[in-house]
Amino acid sequence: MTQCPESNSTERHCYGVILHHRAEWWLVEFPERDPDPIKAWALTGQLTPAMADWFRADTGNNAAKAEVAALNPDSRCWSGEFSIRPSPDSADRFDIDAHPWGSEAGELETRLARAMIESTLFPIPPGFLSVFTGLPDDDRPVLAIRLSGYICSTFEVLTARYMPVYRPRSPWRDISGEAVSDSGSDILGWAPARDWIRPA
């Protein structure tokens, strides 16, 4: 992993997971001592000139590409501390300006980071609450949504239960108790539906 270059410019520094998803690089920010991400930052996939200069000097490779992928060539997903700056060449995207340390992201971190990216790309529709905004009561059936695997619809609706005590690392379960991720993508939002489902 890389260290960070000296920089006297204004930049955003955070802990997060960097992830290559849907053919793009993203940095998903996690707050300190909180397992849930708070924002997905779209990256250009490039390093700032200062970071690129430092990276080439540190590796001794003047031909090293100024790309995010060069920071950790063997991985498309890892966690660590990062600094980002708005790209001068791409509106609403950011370049990596520093990377003090990093390590491989855990399974749960990776899944939450991917869900945050999906929620950014496909905003939760009205009537549903994002899983990053609030969660239902434990083991209470609700209507849940996740991305559809079919081109005819963006979201898929299913009846699901949030069961963190039963399965803390995979808390969203279908009615039978199986992990919803076994049959598709992770849950992005939910809505109470007691009158429809009529739980026993």
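## Working through a two-domain model

At 14% relative accessibility, Cys77 falls in the buried class. Keep that residue in mind for the first exercise, and remember that this model is predicted.

**Exercise 1. Find out how many disulfides the structure has, and why Cys77 is not bonded to Cys14.**

Step 1: Start with what the bond is. A disulfide joins the sulfur atoms of two cysteines covalently.

Step 2: Get the cut-off. To count, two cysteine sulfur atoms must lie within 2.5 Å.

Step 3: Look at Cys77. The closest cysteine sulfur to its own belongs to Cys14 and sits 14 Å away, so that's too far for a bond.

Step 4: Check the total. Searching the whole structure turns up 0 disulfides.

Step 5: Add the surroundings of the partner. Cys14 has a relative accessible area of 5%, so it is buried.

**Exercise 2. Decide whether Ser119 is buried or exposed, and list what it touches.**

Step 1: Place the residue. Ser119 belongs to helix 3, which covers residues 107-121.

Step 2: Bring in the threshold. Buried means under 20% relative accessible area.

Step 3: Compare. Ser119 comes in at 14%, so it counts as buried.

Step 4: Name the neighbours. Leaving out residues up to four places away in sequence, Ser119 is in contact with Ile124, Phe132 and Leu188.

**Exercise 3. Locate Gly177 and say how many Å separate its C-alpha atom from that of Pro88.**

Step 1: Find the element. Gly177 sits in the loop that links strand 9 (172-174) to strand 10 (189-191).

Step 2: Judge the exposure. With 12% relative accessibility, this glycine is buried.

Step 3: See what it touches. Setting aside residues up to four places away in sequence, Gly177 meets Arg161 and Tyr166.

Step 4: Go for the distance. Gly177 and Pro88 are 89 residues apart along the chain, and 49 Å lies between their C-alpha atoms.

**Exercise 4. Describe the overall layout: which domains are there, and how many helices and strands?**

Step 1: Split the chain. Domain 1 takes in 10-94, and domain 2 takes in 121-195.

Step 2: Separate them in space. Taken over C-alpha atoms, the two domain centres are 30 Å apart.

Step 3: Size up the whole. Along the principal axes, the C-alpha atoms fill a box of roughly 65 × 30 × 30 Å.

Step 4: Count the elements. The chain holds 4 helices and 10 strands, in the order β-β-β-α-α-β-β-α-β-β-β-β-β-α.

Step 5: Finish with burial. Out of 200 residues, 44% count as buried.

Notes. Residues numbered from 1 in each chain as written. Predicted model: local features only at pLDDT ≥ 70, side-chain atom pairs only at ≥ 80, totals over all residues. Heavy atoms only, no water. Helix = DSSP H or I, 4+ residues; strand = E, 2+ residues; numbered from the N terminus. Buried < 20%, exposed > 50% of the residue type's maximum accessible area, 1.4 Å probe, protein only. Contact = heavy atoms within 4.5 Å. Domains from an automatic or database assignment.
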